[in-house]
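User: Please take one part of this protein and walk me through it closely. I am in my first year, so explain each term as you go.

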Amino acid sequence: MRSAPTILHLDMDAFYAAAEQAAKPSLRGKAVVVGGLGPRGVVATASYEARRFGVHSAMPTAQARRLAPNAAYLVPRFSLYRSVSEQVMELLGRLSPLVEPLSLDEAFVDLEAGGTARDAASARATGERLRADILALTGLTGSVGLAGSKMLAKIASEQAKPDGLVLIDPGTERELLGPLTVRTLPGVGPATGEHLRRAGMTTVSDLAEAGEDELVRLLGRAHGAALFRMALGHDDRPVVAERDAKSVSVEDTFDVDLHDRVRVRTEVERLAERCVRRLRAGGHSGRTIVLKVRRYDFSTLTRSETLRGPTDDPAVVREAAGRLLEAVDTTGGVRLLGVGVTGLADYTQEDLFAQSAAVLGEPEPAAGDGPEDRRADPGAPAPDPGGPEEPEPPARRHWSAGQDVRHAEHGPGWVQGSGVGRVTVRFEVPGSQPGRVRTFRVDDEALEPSEPLPLVGAQPAAGSGEPEGAGGPAAARHG
């Protein structure tokens with residue numbers, strides 16, 4: 001424990017939903033839910049307006065729709081969230097060399113290591129300046145907690161929400177923690193919380209009064225001793241700037257259970273390709289390939305295979321995942337598939353024993369011709385290489401709610417909804433007044449997908465009549 005509150009925890013407020021409200025002026029002050037929109041979709045983030053109806057993250061989207069039927073339900077736009085996150089993390093990096101990101105919207109900062117705070121007054125001033133800088137740069141708000149330890153700084157930021165700052169003075173930890181629920185402490189999940197409740201412990205003060213010996217008896221030596229120290233407010237964990245990834249994985253939940261074995265294999269191959277792209281993007285390779293299968297009855301099976309050396313070869317990962325699939329019974333249907341790579345390394349080693357397509361003498365797939373890009377019927381005959389290929393009919397375009405688009409005449413906008421051959425678009429940009437709504441055919445050639453606009457400083461949409469920056473950062477404070 002430090003004698004000064006120089007550990008800062010930043011948590012952006014309802015980050016995904018707030019970013020959508022800032023990007024879409026017509027949604028300011030409205031209930032917004034971001035997540036999967038299919039029958040098995042899950043809420044990623046809900047705006048504070050949506051939370052008043054009982055909607056929260058990790059809730060099935062179908063349940064959220066019953067609670068808040070008039071909310072705006074949007075697909076996530078991770079490219080936008082990552083861009084904003086990079087801006088915020090750059091601000092944090094100016095405060096200290098020790099920044100520990102926990103997610104796109106959350107991080108610890110050691111202010112003492114950066115020389116930006118040495119006592120409560122300077123720490124508070126730094127925290128307030130950070131909040132103002134984030135608002136000016138992104139148009140979004142973040143909540144800041146300051147304390148002498150990571151645990152207490154995170155608790156402080158939770159108490160500061162939304163759009164606030166809470167500083168916990170060293171020496172007041174026990175008084176603050178005492179009335180809080182045991183679930184407030186790190187490492188106390190639903191199962192441990194229920195175990196403690198049955199033992200008569202529901203608050204942090206109950207844990208402190210029970211003593212270390214009793215907690216060790218209930219939870220084991222390591223967990224019990226650590227929990228007792230945290231109940232007393234002791235947490236010596238340092239802020240760690242680099243957190244090494246232990247694994248890379250991707251998974252998909254399907255709206256309808258997959259029964260066709262060939263389709264299941266195709267999806268596994270597609271996931272393997274995505275996993276390798278993510279692996280390479282991080283500059284890693286890995287030795288152990290992992291396959292995850294959740295069946296129709298919610299039972300989940302995990303299978304793994306360890307190679308002779310690290311690889312980032314998509315063919316090797318694809319073939320290994322396929323071999324693992326052969327050992328899994330998918331009778332009855334599959335609702336989720338996942339492919340991962342563990343045992344990460346920063347180098348690769350040729351695996352002469354992998355049953356890859358290259359080893360078997362099959363040509364490597366060209367770029368843009370992997371399983372993710374070839375979604376045709378797996379049972380369809382291959383084209384005759386000796387004759388000219390017939391052009392494929394254009395695929396029917398799919399528009400998702402919240403998707404960025406640009407129209408040749410009306411400019412940038414976003415999809416409000418689509419169906420029965422039509423797509424409805426609202427033309428507005430960050431900083432404009434709520435824009436006009438127009439409906440087009442889904443195959444309208446003038447309408448194209450586009451990249452997200454910056455939340456601050458975007459040009460007004462065609463015909464909006466708004467100067468650049470009108471209704472700017474302050475308008476996003478609803479988030």
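Analyst: Buried residues make up 47% of the 479 residues in the protein. Buried means under 20% relative accessible area, exposed means over 50%, and partly exposed lies in between (1.4 Å probe, protein chains only). This is a predicted model, where local features need pLDDT of at least 70 and side-chain atom pairs count only at pLDDT 80 or more, while totals for chains, interfaces and linings use all residues. Residues are numbered from 1 along each chain as its sequence is written, and side-chain values use heavy atoms, leaving out hydrogens and water.

The protein has 14 helices and 17 strands. Both are DSSP runs numbered from the N terminus: helices are H or I with at least four residues, strands are E with at least two.

Now the close look: one sheet and its helices. Four strands form this open sheet, in the order β9-β12-β10-β11, with antiparallel pairing. Two strands pair if DSSP finds at least two bridges between them. The strands β9 (247-258) and β11 (300-311) stand at the edges. Each has a single partner strand, so one side of each lacks a neighbour in the sheet. From one strand to the next, the twist averages 15 degrees.

Look at one pair. Strand β10 (residues 285-295) and strand β12 (residues 334-345) run antiparallel over 10 bridges. For Ile289, the bridge partner in β12 is Val341.

Next come the helices. Helix α13 (residues 261-281) packs on the sheet and touches β9, β10, β11 and β12. Contact means heavy atoms within 4.5 Å. The direction of α13 makes about 150 degrees with that of β9. Axes here are lines fitted to C-alpha atoms, for helices over the stretch in contact, and angles run from 0 to 180 degrees between N-to-C directions. Helix α14 (residues 314-326) lies across β10, β11 and β12. Helix α14 runs at about 145 degrees to β11.

Step back to the whole protein. Among contacts between residues at least 6 apart in sequence, 63% join residues at least 24 apart. The accessible surface comes to about 23700 Å², and 50% of that belongs to carbon and sulfur atoms. Such areas come from the Shrake-Rupley method with a 1.4 Å probe; for residues, only the protein chains shown count as cover.
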